[in-house]
Amino acid sequence: RLRRDRGSTPRPSSEASDGYKGQFQESELQVVGNYYAEWGNPTKALYFLRQSLAVDATLPRRNGLDWNCYTYWAMAQAYRQLGDYPAALRHANLSLMGTPGDTTREYAALAQSVQAHGMVVKSTVLLDLRREAEAGPLLARVQYLADSLKLGLFNASLGVIELDATWARYY
């Protein structure tokens, strides 16, 4: 739950470590931060995304998948908007680290989608840095995942996987 004090800026309540309430709060902070990044306000985006990570750090781990990938994607986007490409690349890499290699669990298909989205985010940053040689193999891997798994380029929880647009930038 978000509490409003002095003005209109939401801030975490003291209930952050209460299981579901904390997960809900973490999710809401992440969504707010993501919207600010999409709207072109990277400073506010990073403010909320950092809070989301702080709340998440107080919560028990959930089913083996690091759900911070969403937060890291948005942080990479915000840092790209600020022109801080090393930070954008660091957060794109962080988004890939929490994806498990175990594909026998109930989240096997989701793990592949998360991995694909993270690789597109990283490729975008690499292209910003003019490191095409590193971006190409990542894009080829995502294309393979998209084709072999019939991975949609849009997912309600992941958003748009901008594979075609990133390929276009590559060429």
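W167 counts as buried in this predicted model, with a relative accessibility of 16%. That sits under the 20% cut-off used for buried residues. W167 also has a ring partner, Y171, and the two are stacked, with 5.6 Å from centre to centre and 15° between the planes. Y171 itself is a different story: at 74% relative accessibility, Y171 counts as exposed. Y171 pairs with Y170 as well, this time edge-to-face, at 5.0 Å centre to centre and 75° between the planes. Y170 is partly exposed, its relative accessible area being 27%.

These pairs belong to a wider set, as the count of aromatic pairs comes to eight. Elsewhere, ring pairs tie Y35, Y36, W39, Y47 and F48 together into a cluster. W39 turns up in the loop that runs between helix 1 (19-38) and helix 2 (42-56), and W39 is exposed, with a relative accessible area of 62%. Along with V31 and Y35, W39 also makes up a nonpolar patch on the surface, and together the three have about 340 Å² of accessible area.

Stepping back to the chain as a whole, there are seven helices and four strands. Going along the sequence, they come in the pattern β-β-α-α-α-α-α-α-β-β-α. Of the 171 residues in the chain, 44% are buried. Among contacts with a separation of 6 or more, 58% join residues 24 or more positions apart. As for the outside, the chain has an accessible surface of about 9,100 Å², and carbon and sulfur atoms account for 53% of that surface.

Notes: Residues numbered from 1 in each chain as written. Predicted model: local features only at pLDDT ≥ 70, side-chain atom pairs only at ≥ 80, totals over all residues. Heavy atoms only, no water. Helix = DSSP H or I, 4+ residues; strand = E, 2+ residues; numbered from the N terminus. Buried < 20%, exposed > 50% of the residue type's maximum accessible area, 1.4 Å probe, protein only. Contact = heavy atoms within 4.5 Å. Areas by Shrake-Rupley, 256 points an atom, 1.4 Å probe, with all protein chains shown as cover. Patch = residues over 30% accessible without salt bridge, like charges linked within 9 Å, V, L, I, M, F, W, Y side chains within 5 Å. Salt bridge = Lys/Arg side-chain N within 4 Å of Asp/Glu carboxyl O. Phe/Tyr/Trp six-rings, centres within 6.5 Å; stacked < 30°, edge-to-face > 60°.
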